[in-house]
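Please look at the sequence and the model below, and follow the explanation from one residue in a helix to a sheet elsewhere in the chain.

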Amino acid sequence: MEDEVAPLRARLVGQRAAAVTGARVTLGALGAAPVALAVTGDGERNARRGLAAVLAAFPVSRVIVVGVAGGLTAGLGAEALLVVERVIDETDGSLHAADAALTAAAARVSGARRGAAVTAVRIADTADDKRRLFALAGARLAADGDASNLPLVVDLESSVFAAVASRAGVPWMSLRAVSDPAAESVPALLNRSRDDGGAVRRSRVVVGLLTRPSDLRRLLALRDRVRACARGLARAAALTVEALYAAERSTSAAAAQAGPGLEDELATRNA
């Protein structure tokens, strides 16, 4: 969503809009690294359509998902940052593994903890729902032989982004910040306001508030939390992108100094 990436867009140098159906795309640079910053909108349908359009329009070499998530692990506080290296789809139990080199770089330069995410079919709006998803994720990771006790969060899109990127052969990873901890509920109005594609319709939220105005205070507090998370995500994403690009430039320079034979071999390996 726009609120999740606005601080990151503010860091872009040489911004220019790009016309892409299904996503709002801003081209620019983070440090010296060229990036396409895409806002697909929330929900499974928007995520799938938006990322597919971006990958078709630009020569993307890496996908970094940036957004907020609900906490599932007790003690994982508000605004905590996670580098998500495993994503579990609640619908079919499938598990997606992020690119190891990307997650290692992000954890190293951003200081974020490594973790895992459940992509749920609906917003986890109660503590009970979060406990259920925590148990589901723990069982799925254990079945895969992962006993690392990774901190867990819940979102609505990560498994979709992972599947689209993987089908395109593009390495991916996800940075998530906790907007609502495990013991905290969010207004059920948000789930009631979702459309068939999973996106929260602002017009439905407004209508819902007419019959339940007491939710407004909680929604405003959640919005402020999302904005605070977005600032932490912007810093982590910028550091990650700049570090990856610097490493790539260093490798290219070393290959050039070694002569065309080695450079050609590296290019073949990286293709």
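Leu-233 is a residue of helix H8, which spans residues 215-258; helices (H or I, at least four residues) and strands (E, at least two) are DSSP runs, numbered from the N terminus. This is a predicted model, in which local features need pLDDT of at least 70 and side-chain atom pairs count only at pLDDT 80 or more, while totals for chains, interfaces and linings use all residues. Residues are numbered from 1 along each chain as its sequence is written, and side-chain values use heavy atoms, with hydrogens and water left out.

Leu-233 counts as buried because its relative accessibility is 0%, where buried means under 20% relative accessible area, exposed over 50%, and partly exposed in between (1.4 Å probe, protein chains only). Leaving aside residues up to four places away in sequence, Leu-233 touches Val-66, Gly-67, Val-68, Leu-81, Leu-175, Arg-176 and Ala-177, contact being heavy atoms within 4.5 Å. Its C-alpha atom is separated by 9.1 Å from that of Glu-79, although the two residues are 154 apart along the chain.

Turning to the sheet, three strands form an open arrangement in the order E1-E2-E3, with antiparallel pairing; two strands pair if DSSP finds at least two bridges between them. Strands E1 (13-20) and E3 (33-39) are the edge strands, each pairing on one side only. Between E1 and the antiparallel strand E2 (residues 23-30) there are six bridges, and Val-13 has Ala-29 in E2 as its bridge partner.

Helix H1 (residues 2-10) lies across E1, E2 and E3, running at about 160 degrees to E3, with axes as lines fitted to C-alpha atoms, for helices over the stretch in contact, and angles from 0 to 180 degrees between N-to-C directions.
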